[in-house]
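Hi everyone, thanks for making time for this. Let me put the structure up on the screen, and then we can walk through a few of its contacts together.

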Amino acid sequence: PECYEIIRTKIEHLHKLQRGSAPRIYLVGSVHGGTGSVLALEFAFLIKLVLDDLDQRGLVQAILSVASTSQSPLGELPAAAALSTLQEICHYYHTQGLYPGIPQLPAQHFSEPPWNHIYTVHGGTLGHRYHHQSAIE
């Protein structure tokens with residue numbers, strides 16, 4: 001797919017910029033539903049696939065924001081999304097990277113999770129007007 005080719009081109013460019021050393025790739029997002037909680041996982045495996053195809057080692061790190069949920073009913077869905085995302089991450093560590101595959105790409109079994117490290121940062125209280133600043137600082 002198109003995203004595979006884009007990532008491959010970017011990794012090749014990083015490899016040249018870093019004069020042949022292993023590229024360092026950071027995935028940044030939130031685990032509370034939406035783009036970050038879904039794509040951080042998918043892109044990590046896609047990046048791993050590209051690195052393997054290029055016969056390169058790389059440093060892939062995820063930095064994920066996790067906020068405390070509020071007492072309001074609006075906090076239930078983001079809390080469920082965060083729990084689901086974190087459980088999926090745990091799954092990859094407990095199964096040595098077992099991954100069902102990316103549609104339209106060759107099946108690949110990874111013997112390890114796609115990240116070298118995952119960091120979580122506290123994003124304040126979900127929905128609180130000023131608490132998101134704690135993640136930024």
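Let's start in helix 1, where Glu12 and Arg8 sit four residues apart, so about one helical turn separates them. Keep in mind as we go that this is a predicted model. As you'll remember, an α-helix has 3.6 residues a turn, so residues three or four places apart point the same way. Glu12 and Arg8 form a salt bridge, and their closest N and O atoms are 3.5 Å apart. How accessible are these two? Glu12 has 30% relative accessibility, so it counts as partly exposed. Arg8 is at 24%, so it counts as partly exposed too.

How many salt bridges does the count come to? It comes to two, and for the other we move to helix 2. There, Lys48 pairs with Asp52, with the closest N and O atoms 3.8 Å apart. The spacing is again four residues within the helix, so about one helical turn lies between Lys48 and Asp52. The accessibilities are worth a look here. Lys48 is at 11%, and because buried means under 20%, Lys48 counts as buried. Asp52, at 31%, counts as partly exposed.

While we're here, let's stay with helix 2. It runs over residues 35–53, and at 1.5 Å a residue its 19 residues should span 27 Å; the end C-alpha atoms are 26 Å apart, so the two agree. Just after the helix comes Asp55, which has a positive phi, near 55°.

Helix 2 also has a good list of buried residues, including Gly36, Ser37, Ala40, Leu41, Ala44 and Phe45. Further along, Leu46, Ile47, Leu49, Val50 and Leu51 are among the buried ones as well. What covers them? The cover includes helix 1 (2–17) and helix 3 (76–94), along with strand 1 (24–30) and strand 2 (59–68).

Now please pick out Phe45 from that list, because it brings us to the aromatics. The structure holds one aromatic pair. The partners are Phe45 and Trp115: their ring centres are 6.2 Å apart and their planes meet at 65°, so the pair is edge-to-face. Where do the two rings come from? Phe45 lies in helix 2, while Trp115 is in the loop between helix 3 and strand 3 (117–125), so the pair ties together parts 70 residues apart in sequence. Both Phe45 and Trp115 are buried.

That's my tour, and I'm happy to rotate the view for anyone who wants another look.

Notes. Residues are numbered from 1 along each chain as its sequence is written. This is a predicted model: local features need pLDDT of at least 70, side-chain atom pairs count only at pLDDT 80 or more; totals for chains, interfaces and linings use all residues. Side-chain values use heavy atoms; hydrogens and water are left out. Helices (H or I, at least four residues) and strands (E, at least two) are DSSP runs, numbered from the N terminus. The expected span of a helix is 1.5 Å times one less than its number of residues. Buried means under 20% relative accessible area, exposed over 50%, partly exposed in between (1.4 Å probe, protein chains only). Contact means heavy atoms within 4.5 Å. Rings of Phe, Tyr and Trp (its six-membered ring) pair if their centres lie within 6.5 Å; planes under 30 degrees apart count as stacked, over 60 as edge-to-face and the rest as tilted. A salt bridge is a side-chain nitrogen of Lys or Arg within 4 Å of a carboxyl oxygen of Asp or Glu.
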